[in-house]
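Hi everyone, thanks for making time this morning. I'd like to walk you through a few local features of one model, so let's put it on the screen.

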Amino acid sequence: MLSGTPNTGVALKSGNNIDFDRAVERRGTYSEKWEKYAGRDVIPLWLADMDFASPPSVIEALHRRVDHGVFGYTRAPDELYEVLISTLHDEYGWSVQKEWFVWLPGLVTGLNVACRAVGADRATVLTTVPVYPYFMSAAQWSDRELTTVPLTRENGQWSIDFGRLESAITRRTRLFILCNPHNPVGRVYTRDELERLAEICEKHDLVICSDEIHCSLVLDEDKVHIPTATLSPELSSRIITLMSPSKTFNLPGLGLAFAIIPDPDLRRRFNGVKAGIVPGVNALAYDAALAAYRDGSEWHTALLSYLRANRDALEQAMLNLPELTMSRVEATYLAWIDTRAAGLDDPESFFEQAGVGLACGRAFGGPGFVRLGFGCPRKTLMEALDRMGNALSKRRGI
């Protein structure tokens, strides 16, 4: 049994206005994010796992499934295909066919399967850093060589150094892994940037595995997510697109993602690697995904508004922390913070001692940085920022 009885009710105000300010108690629920600091006064902002209750439609769907009482092997509902195909067309003008979908128990699984499905043993996987750590480990676990190219930062914005990227490609390079929107730097790549990347990959006959898990978390209203596979029909034949409802609707613990692979040969190789090793998706996850995509739009709209306000509050607070800098978070709920001016030997430990748990930048290929997740009630975020500010002030002797 769980220790204690956490409040897991749906976060609603009267009139069905979603209340993201209400704190949901997660201690004692086996939360990976919170149990890391069990028994300590540390605010956990290290993991990409929001502290909000999932959409009411999801919770209701899960109750219905649990009340049914049978949790047998389950296939993807036809309606889920229909909803996703409609959503992708409406949002991005992307005409996707049912047979292109490959269901996965998580996006990290997709990264690993993609690495194994493209090229032969000891082939090279290329990506940019900093980046989600599983981009790098997937290549190494798949008996592939890894080549990384640093992103550049000019005028506060992170971007791809295309010249350096192309020069890193060899005859052994078979796969490029893209993160867009980007974790951890928060970029939404423009059409021009994606077309330049596509040109390089086509020139060198590379497959692109495009992690687009944060595609529905674009915060800047003048930015739009462009699925890489929509750039041209020719390009789509060399792309594995990975998506999931887990980040947008806060469902990571349920374990559902999907690959969209238009090319039948590439899809066959992907499924061949997956066969006999990767388990199917569970019944609860399918029901949750359908409810989220079909009925979660009101909640999603409210979430984006709340995250924008959190992002803006974070940017404002950073003005009072001169040792720290961050680029604008165009998408995601993750801030990539440069601590190098503070001269901290171990910024993760420094802030943990101050009562704030952040992700260590070294794991992302960005030593001297930390990643802060602001998918939490604003009061929690502001308390964490106060603790960080007080720790830096004491270090300055103020």
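**Backbone details and a pocket**

Let's begin with Pro130, which sits in the loop between β3 (124-129) and α5 (133-141). Before I go further, please keep in mind that this is a predicted model. What is the peptide bond from Val129 to Pro130, cis or trans? It is cis, and omega there is near 5°.

There is another cis bond to show you, from Asn183 to Pro184, with omega near 25°. To find Pro184, look in the loop between β7 (173-179) and α7 (191-203).

Staying with the backbone, let's turn to phi. Arg122 is not a glycine, yet its phi is positive, at about 70°. You'll find Arg122 in the loop that runs between α4 (107-117) and β3. Is Arg122 buried or partly exposed? With 35% relative accessibility, Arg122 counts as partly exposed.

Thr332 also has a positive phi without being a glycine, and here the value is about 80°. Thr332 belongs to the loop between β11 (325-326) and β12 (334-338). Its relative accessible area is 0%, and since buried means under 20%, Thr332 is buried.

Now for some helix packing. At what angle do α3 and α10 pack? The angle is about 35°, and the two axes are 10 Å apart. The crossing of α3 past α10 is left-handed. On the α3 side, the residues in this contact are Glu79, Leu80, Val83 and Leu84, and they meet Tyr286, Ala289, Leu290, Tyr293 and Arg294 of α10. By class, that contact has seven nonpolar residues, two charged ones and no polar ones.

Those two helices bring us to the pocket I wanted to show you. The second largest pocket has a volume of about 580 Å³. It is lined by 27 residues, and the closest to its centre are Glu91, Tyr92, Cys215, Ser216 and His300. Which helices each supply at least two residues of this lining? They are α3 (78-92), α10 (283-295) and α11 (297-318). As for the make-up of the lining, 13 residues are nonpolar, nine are polar and five are charged.

So α3 and α10 come up twice: they pack against each other at about 35°, and each supplies at least two residues to the lining of the second largest pocket. That's my tour, and I'm happy to rotate the view for anyone who'd like another look.

Notes. Residues numbered from 1 in each chain as written. Predicted model: local features only at pLDDT ≥ 70, side-chain atom pairs only at ≥ 80, totals over all residues. Heavy atoms only, no water. 1 Å grid on protein atoms, 1.4 Å probe; cavity = no way out; pocket = protein on both sides within 12 Å on 5 of 7 lines; lining within 4 Å. Points joined across faces, edges and corners; volume = space filled by probe spheres on them. Helix = DSSP H or I, 4+ residues; strand = E, 2+ residues; numbered from the N terminus. Nonpolar A, V, L, I, M, F, W, Y, C, P; charged D, E, K, R; others polar. Axes fitted to C-alpha atoms, helices over the stretch in contact; angles between N-to-C directions. Left-handed = near helix turned anticlockwise from the far one by under 90°. Contact = heavy atoms within 4.5 Å. Buried < 20%, exposed > 50% of the residue type's maximum accessible area, 1.4 Å probe, protein only.
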